Amino acid sequence: MKTKYFLCFILFFISSNCFSQKEWASIGTIWHYNINNIGETGYLKIESQKDTLVEGKVCKLLQSTKTTYAMPGIYQKQYIESLITYQDNDKIYIYQHNAFLLLYDFNPSIGDIWDVWGIWNEYNTRNTSYQQSDTTACPAGRVRVDSVKNISLNNKQLKAIYTSPYHNSSMQYSGVIIEQIGCLDYLLPISKCNFHIDSEYPGPIRCYNSSDFSYSWFNKDCEYTTGIGNVRIGELTNVFPNPSNGLFNIKIKKQEIVYPIHILVTSIMGQEVFSILIDSPIYQLQLGVLDKGVYLLSINDKNSIISHSKITIK
């Protein structure tokens, strides 16, 4: 009888752990990231399209598509790259250079070092040799896990993982990493020294949608591009200084704005921390009471989003 109860306990323990593990990139999962670069605005969409077998492992094929606004009535759609990822318990790997490279560990310990130097993407120089470099200009890409917190998004309990470049590494995750979702700034690590000269990095995240969980950090439709004629997002506002000690000056630079303007500040987790309607093109945003860190600033009129960017309180 004791043996029977013991076996039941073991089975329950195993099944509980299996169910607690969160599936990565189930078929149909979609990430939307903001694009607000010089000469283009829009979004980057990453979609988990199908299972694929690589070196005997069942992987997920993720397709990246960029949709941008070029001029009135003209939108450009460009397929960027395909990503192959593999989940092994709490660890997520990306297949590049004929190898599985660690992308995320969703159950890390503080002080863990992740080697991410070999991971390239459309916004980095494609290093096909995968030969690590420790030069002064571009030191090898490693990040350190600084802290791990538990958060709740739509009543779903998830881990928030904070990392920083290790020994001035050129590679980094520039935002917080959320279990199941990935880095909120961009899915893949970004290089600070090797990138396309005429490109800027995508991000921050707009929306995440999977079969069992969805969340939006964006107050427009996930695939919203622009509704302001041929005026590009980012040309309309100036926010300075950034970073600051909590005092930011906002200046609306164009007249094609319908007042009042809504200023919204949220935490990187999506929690609203400040909101106000203004009737002036100049406003002094005072956030000195907030904790140091990165926040998302959205400025909108009634027709469209004017600006969507990150601000940092130091």
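In the predicted model, the link between Cys207 and Cys222 is left-handed, with -110° about the S-S bond. The two sulfur atoms of this disulfide are 2.1 Å apart, and a search of the whole structure finds one such bond. Cys207 belongs to strand 14 (residues 205–209), whereas Cys222 sits in the loop between strand 15 (214–216) and strand 16; the disulfide therefore ties together parts that are 15 residues apart in sequence.

Both partners of the bond are buried, although their computed values are not identical. Cys207 has a relative accessible area of 0%. Cys222 has 18% relative accessibility and counts as buried because the cut-off is under 20%. Two further cysteines can be described in these terms: Cys59 is buried at 0%, and Cys183, with 1% relative accessibility, is buried as well.

Cys183 is also among the contacts of Tyr104, a residue of the largest nonpolar core. This core holds 52 residues, of which Trp31, Tyr104, Trp114, Ile181 and Leu187 touch the most other members. The element that gives the most to the core is strand 6 (residues 99–105), with five residues. When residues up to four places away in sequence are not counted, Tyr104 touches Trp24, Trp114, Tyr173, Ile177, Tyr186, Leu187 and Leu188, among others. The contacts of Tyr104 further include Asp90, Lys91 and Ile92, together with Gly182. Two of the residues named here, Trp114 and Leu187, are themselves listed with Tyr104 as touching the most other core members. In soluble globular proteins, nonpolar side chains tend to be buried together.

A second core, separate from the largest one, consists of 18 residues. Its members include Ile250, Ile252, Phe274 and Ile313.

Ile250 also takes part in strand pairing, with Tyr283 of strand 20 as its bridge partner. Strand 17 (residues 247–252) pairs with strand 20 in the antiparallel sense, over five bridges. These two strands belong to an open sheet of three strands, in the order 16-17-20, with antiparallel pairing. The edges of the sheet are formed by strand 16 (237–240) and strand 20 (282–286); each has a single partner strand, so one side of each is left without a neighbour in the sheet. From one strand to the next, the twist averages 20°. Strand 16 thus appears in two descriptions: as an edge of this sheet, and as one boundary of the loop that holds Cys222.

Definitions and conventions: Residues numbered from 1 in each chain as written. Predicted model: local features only at pLDDT ≥ 70, side-chain atom pairs only at ≥ 80, totals over all residues. Heavy atoms only, no water. Core = buried A, V, L, I, M, F, W, Y, C linked by side-chain atoms within 4.5 Å. Buried < 20%, exposed > 50% of the residue type's maximum accessible area, 1.4 Å probe, protein only. Helix = DSSP H or I, 4+ residues; strand = E, 2+ residues; numbered from the N terminus. Contact = heavy atoms within 4.5 Å. Pairing = 2+ DSSP bridges. Axes fitted to C-alpha atoms, helices over the stretch in contact; angles between N-to-C directions. Disulfide = S-S within 2.5 Å.
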